[in-house]
Amino acid sequence: LQAIAFVLALAVLWLSLALVVRRTVTEPVRNFASRLGEIARGGGDLTQTIPVNRRDEVGEMATEFNGFLDGLRGLVDGLKRDMIHVAGIAGTLEGNAALLASSVVELAATTRTVALHAETQRSRTLAASDSLGAMMGQSEDVSLLTDQMDRNLSQSSAAVEEIAANI
């Protein structure tokens, strides 16, 4: 009987110890793991925290994890600000690229216009050069004709003097 009482007492003690371990260690660790799972399944919602209602190792683990989440929140907020800043810069660059493209198109059109005007000016210069050449040829002809007239006039004058002397 004593042995049965001892076994029963030992079983009660063992069950009590198991319940204490379950309540003080197993359940808090499972709750902690469950909460971590909720945070992970919640799309990484970093606003959630793990409640700290214990002053043992599990409570310390929850406190440290909440501090880790605070750090992550700060990093994510910084990344969001940086992304907004980069998006603004990208918008500015896009506007500048569009302006540059427009300027290149305008410059190409201006270059074509300048080339067309240069070709027109070249044609006019060639035409003026041809006209000047023709004028110079005509000027030489006029000069030759003037020399011929001068000789003819001199001959006519000499002939008139000879006739006058014979009269």
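In the predicted model, L69 is in contact with I39, L46, Q48 and T49, once its neighbours within four places in sequence are left aside. Two of these partners, I39 and L46, recur together with L69 in the largest nonpolar core, which has seven residues in all and is completed by F32, I50, A62 and F65. The elements that give two or more residues to this core are α1 and α2, and the largest share, three residues, comes from α2.

The surroundings of N66 can be described in a similar way. N66 has its place in helix α2, and, when residues up to four places away in sequence are not counted, N66 touches T49, I50, V52 and R73. One of these partners, I50, is a member of the largest nonpolar core, while T49 is also among the contacts of L69. N66 counts as buried because its relative accessibility is 12%, and the limit for a buried residue is a relative accessible area under 20%.

The largest pocket was examined next. About 220 Å³ of space lies in this pocket, and of the 13 residues that line it, P28, N31, F32, P51 and N53 are the closest to its centre. F32 is thus named both here and in the largest nonpolar core. Helices α1, which spans residues 2-41, and α2 each supply at least two residues of the lining, with α1 providing the largest share, namely five residues. By character, the lining of the largest pocket divides into seven nonpolar, four polar and two charged residues.

Charged side chains were then considered as pairs. Side chains of opposite charge can pair when their charged atoms come close. With a salt bridge taken as a side-chain nitrogen of Lys or Arg within 4 Å of a carboxyl oxygen of Asp or Glu, the count for the model comes to four salt bridges, and three of them are described here. In one, the side chains of R22 and E27 meet with an N to O distance of 3.6 Å. R22 counts as partly exposed because its relative accessibility is 44%, and E27 is likewise classed as partly exposed, at 32% relative accessibility.

Another salt bridge joins the side chains of R54 and D56, for which the N to O distance is 2.3 Å. R54 has a relative accessible area of 27% and is therefore partly exposed, and D56, at 23% relative accessibility, also counts as partly exposed. A further salt bridge is formed by the side chains of D70 and R73, with an N to O distance of 1.9 Å. D70 and R73 are separated by about one helical turn, because they lie three residues apart in helix α2, which covers residues 57-166. D70 counts as partly exposed, with a relative accessibility of 45%, whereas R73 is also one of the residues that N66 touches.

Finally, attention turns to T125, whose place is in helix α2. T125 counts as partly exposed because its relative accessibility is 45%, a value that falls between the limits of 20% and 50% used for this class. From C-alpha to C-alpha, T125 and T146 are 30 Å apart in space, and they are 21 residues apart in sequence.

Methods: Residues are numbered from 1 along each chain as its sequence is written. This is a predicted model: local features need pLDDT of at least 70, side-chain atom pairs count only at pLDDT 80 or more; totals for chains, interfaces and linings use all residues. Side-chain values use heavy atoms; hydrogens and water are left out. Buried means under 20% relative accessible area, exposed over 50%, partly exposed in between (1.4 Å probe, protein chains only). Helices (H or I, at least four residues) and strands (E, at least two) are DSSP runs, numbered from the N terminus. On a 1 Å grid over the protein atoms alone, a cavity is a set of points where a 1.4 Å probe fits but cannot get out, and a pocket is an open set with protein on both sides within 12 Å along at least five of seven lines; lining residues have an atom within 4 Å of a point. Grid points are joined across faces, edges and corners, and a volume is the space filled by probe spheres set on the points. Ala, Val, Leu, Ile, Met, Phe, Trp, Tyr, Cys and Pro count as nonpolar, Asp, Glu, Lys and Arg as charged, and the others, Gly among them, as polar. A nonpolar core is a set of buried Ala, Val, Leu, Ile, Met, Phe, Trp, Tyr and Cys residues joined through side-chain atoms within 4.5 Å. Contact means heavy atoms within 4.5 Å.
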